[in-house]
Amino acid sequence: MKKLFRVSFTLLLLTPAMFFAQDSDPVVDAIVKEANENSQLKPLAHELMDVVGPRLVGTPQMKTAGEWAVAKYESWGIPAEMENYGEWRGWERGITHIDMLEPRVQTLRGTQLAWNPGTSDKGITANLITFPKFKDSLDFVKWLPEVKGKFVLIEKQEPTGRPDYNWEEFATEESFAKMKEERQKLSDDFTANIRTTGYNSRTIIEALENAGAAGIVDSNWSRGFGVNKIFSARTKKIPTVDLELEDYTMLYRLVESGNNPKIKIVATSKELGAVPTFNTIAQIKGTEKPDEYVILSAHFDSWDGGTGATDNGTGTLVMMEAMRILKKVYPNPKRTILVGHWGSEEQGLNGSRAYVEDHPEVVKGVQAVFNQDNGTGRVVRMSGGGFLQSYDYLSNWLSAVPEDITQHIETSFPGTPARGGSDYASFQAAGAPAFSLSSLNWSYWDYTWHTNRDTYDKIIFDDVQNNAILTAVLAYMASEDPERASAEKIKMPINKRTGEQREWPTPRSPEREGMMKQE
Ligand SMILES: [Zn+2]
């Protein structure tokens with residue numbers, strides 16, 4: 001299906017009429033000119049990533065980000081507001097400073113994980129402990145008191161900090177195979193050892209806490225040089241930090257060799273009680289059909305190991321820049337153009353699910369939703385999302401986009417609806433034609449997605465600019481289309497495993513009291 005369409009689309013572009021139509025649209029030309037000659041992407045990226053910083057739900061930075069976006073839209077003459085939909089456990093990151101004091105002094109690279117207890121300004125100084133090999137659960141119970149007053153190294157030891165692509169390039173085949181075997185064995189042995197205790201990798205944390213451990217030292221390697229995934233902690237009484245692989249494995253070796261390393265952790269986070277969660281919404285009112293909506297969509301929140309530059313700073317930049325350009329060159333759209341910067345996508349599409357639940361009148365009037373949320377790369381894939389007639393209107397809208405942008409895009413029709421992944425799924429579940437603008441990955445999964453390396457320097461501005469033009473032109477075309485986009489659904493395919501027909505996903509309610517309940 002993919003390939004077929006690509007061929008037909010290419011043919012479509014080659015017809016003289018299409019060229020004529022493309023060249024002659026002054027709005028499209030003006031969009032391209034404004035994007036190229038007056039790009040605001042770099043100052044926006046600097047303000048959002050460097051000045052505001054990461055945007056974890058429940059943190060003061062998330063609120064600052066909303067206020068920043070509202071002010072930005074208003075400076076462009078676009079009405080905007082922060083729309084509250086619930087609450088979250090408020091938490092503020094403080095200083096994290098981790099130093100090895102014995103057997104020698106070295107500052108370590110790591111960070112406190114979110115939503116867990118901090119330390120005093122003086123920090124906690126303690127020795128470390130790794131898991132011995134347990135014979136059975138009784139053996140674990142006997143060992144457990146030894147963690148009292150110590151930091152526990154909770155993750156397995158990685159045999160190499162080099163990514164596989166580096167091994168593939170330089171290692172002999174034999175030594176690459178040997179490393180992978182060793183890595184697998186270390187991982188299997190570690191998992192089996194935890195299982196022997198009668199706990200799993202989650203529940204064992206509580207046992208360690210209750211036994212008086214001073215803190216948890218984790219390391220969630222992301223299979224690249226110097227890159228770790230940074231999520232939230234599971235401890236309730238003691239701090240958890242994540243150390244980069246290099247430092248984590250050094251400590252591990254020092255413990256195992258009997259050198260008894262001592263480290264000091266300072267992590268001055270604060271609990272802030274319940275704080276409001278919100279979406280940031282801006283709109284350019286439609287002149288002819290104000291109750292029909294073209295929605296630009298990108299989640300605003302992020303994890304906080306880096307500054308959320310590619311997840312989803314870049315999607316945010318695309319939508320903001322597209323809105324700015326549209327307001328300037330297409331200020332009186334036929335349909336309302338609305339942008340949704342959703343909150344708390346990372347914890348389960350909460351902001352967009354809340355918006356869909358709270359605004360049935362908008363969902364009913366959706367002409368199209370365009371969502372971008374997988375990194376900084378230029379858009380290379382679009383799917384019809386399971387909307388039977390999507391080929392007709394999406395390919396028509398795409399035909400107005402300059403060919404230097406569409407030449408990278410593979411389309412598939414009619415596609416199937418998403419079951420999650422990003423906020424377009426919330427709209428698809430409600431039956432609204434919603435589409436993902438899917439990016440070239442630029443090492444997204446290993447290097448930037450939810451990592452300590454998701455920062456400004458990873459942004460590829462040419463690709464983000466490409467996406468802003470694409471989004472602005474699609475929004476313009478969807479707004480101007482004389483026809484309402486069909487939301488007719490495909491007949492869902494048969495599940496090969498069960499033999500039953502799959503069902504269209506159904507809307508789900510958001511978490512409106514995030515992390516507020518005591519478990
Ligand atoms: Zn994301």
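What is the site of the zinc ion like, judged by the angles among its four donor atoms? Irregular: those angles run from 50 to 149°. For comparison, four tetrahedral donors would ideally sit at 109.5 degrees. Keep in mind that this is a predicted model.

Let me stay with the zinc ion. Its donors are His299 through NE2, Asp311 through OD, and Asp373 through OD, with Asp373 listed twice. The distances are 1.9 to 2.8 Å. Along the chain, the donors follow the spacing H-x11-D-x61-D. His299 and Asp311 are 12 residues apart, and the pair links distant parts of the chain. His299 belongs to strand S13, residues 289-299. Asp311 belongs to helix H11, residues 309-329.

Are these two donors buried or exposed? His299 is buried, because its relative accessibility is 0%. Asp311 is buried as well, because its relative accessibility is 3%.

Asp311 has something else to show. Its peptide bond to Asn312 is cis, with omega near 0°. Asn312 lies in helix H11. A second cis peptide bond joins Glu102 and Pro103, with omega about 5°. Pro103 sits in the loop between strand S2 (96-102) and strand S3 (106-108). As background, most peptide bonds are trans, and most residues other than glycine have a negative phi.

That brings me to phi. Which way does Trp115 go, positive or negative? Positive: phi is near 55°, and this residue is not glycine. Trp115 is in the loop between strand S4 (110-112) and strand S5 (124-129). It counts as buried, because its relative accessibility is 2%. Now take Arg223. Its phi is also positive, near 65°. Arg223 is placed in strand S8, residues 221-224. With a relative accessible area of 42%, Arg223 is partly exposed, because buried would need a value under 20%.

Next, the strands. Look at S7, residues 215-218. Gly215 and Val217 point one way. Ile216 and Asp218 point the other way. All of them are buried. Which strands does S7 pair with? One is S6, residues 151-153. S6 and S7 run parallel, joined by three bridges. There, Phe151 stands opposite Gly215. Another is S10, residues 240-243. That pairing is parallel too, again over three bridges. Here Asp218 of S7 stands opposite Asp242 of S10.

One more residue to find on the model: Thr277. It is in strand S12, residues 270-284. Thr277 is buried, because its relative accessible area is 3%. What does its side chain reach? The backbone nitrogen of Glu87, at 3.5 Å. Beyond its neighbours within four places in sequence, Thr277 is in contact with Val57 and with Glu83, Asn84, Tyr85, Gly86, Glu87 and Trp88.

Last point: confidence. The protein chain averages a pLDDT of 95. At least 70 is the score for 95% of the residues. Where does pLDDT stay under 50? Over residues 1-22. The model has 31 contacts beyond four places in sequence for that stretch. Where pLDDT is low, predicted coordinates should not be read in detail.

To recap the opening: the zinc site is irregular, and its donors come from His299, Asp311 and Asp373.

Conventions. Residues are numbered from 1 along each chain as its sequence is written. This is a predicted model: local features need pLDDT of at least 70, side-chain atom pairs count only at pLDDT 80 or more; totals for chains, interfaces and linings use all residues. Side-chain values use heavy atoms; hydrogens and water are left out. Helices (H or I, at least four residues) and strands (E, at least two) are DSSP runs, numbered from the N terminus. Buried means under 20% relative accessible area, exposed over 50%, partly exposed in between (1.4 Å probe, protein chains only). A polar contact is a pair of N or O atoms within 3.5 Å; within protein, one must be able to donate a hydrogen and the other to accept it, and residues adjacent in sequence count only if both atoms are side-chain atoms. Contact means heavy atoms within 4.5 Å. Two strands pair if DSSP finds at least two bridges between them. pLDDT is the predictor's confidence in each residue, from 0 to 100. Donors are N, O and S atoms within 2.8 Å of the metal (3.2 Å for Na, K and Ca); water is not among the atoms, so sites may look incomplete. Four donors count as tetrahedral if all angles lie between 85 and 135 degrees; four count as square planar and six as octahedral if opposite donors are over 155 degrees apart and all others between 65 and 115; anything else is irregular.
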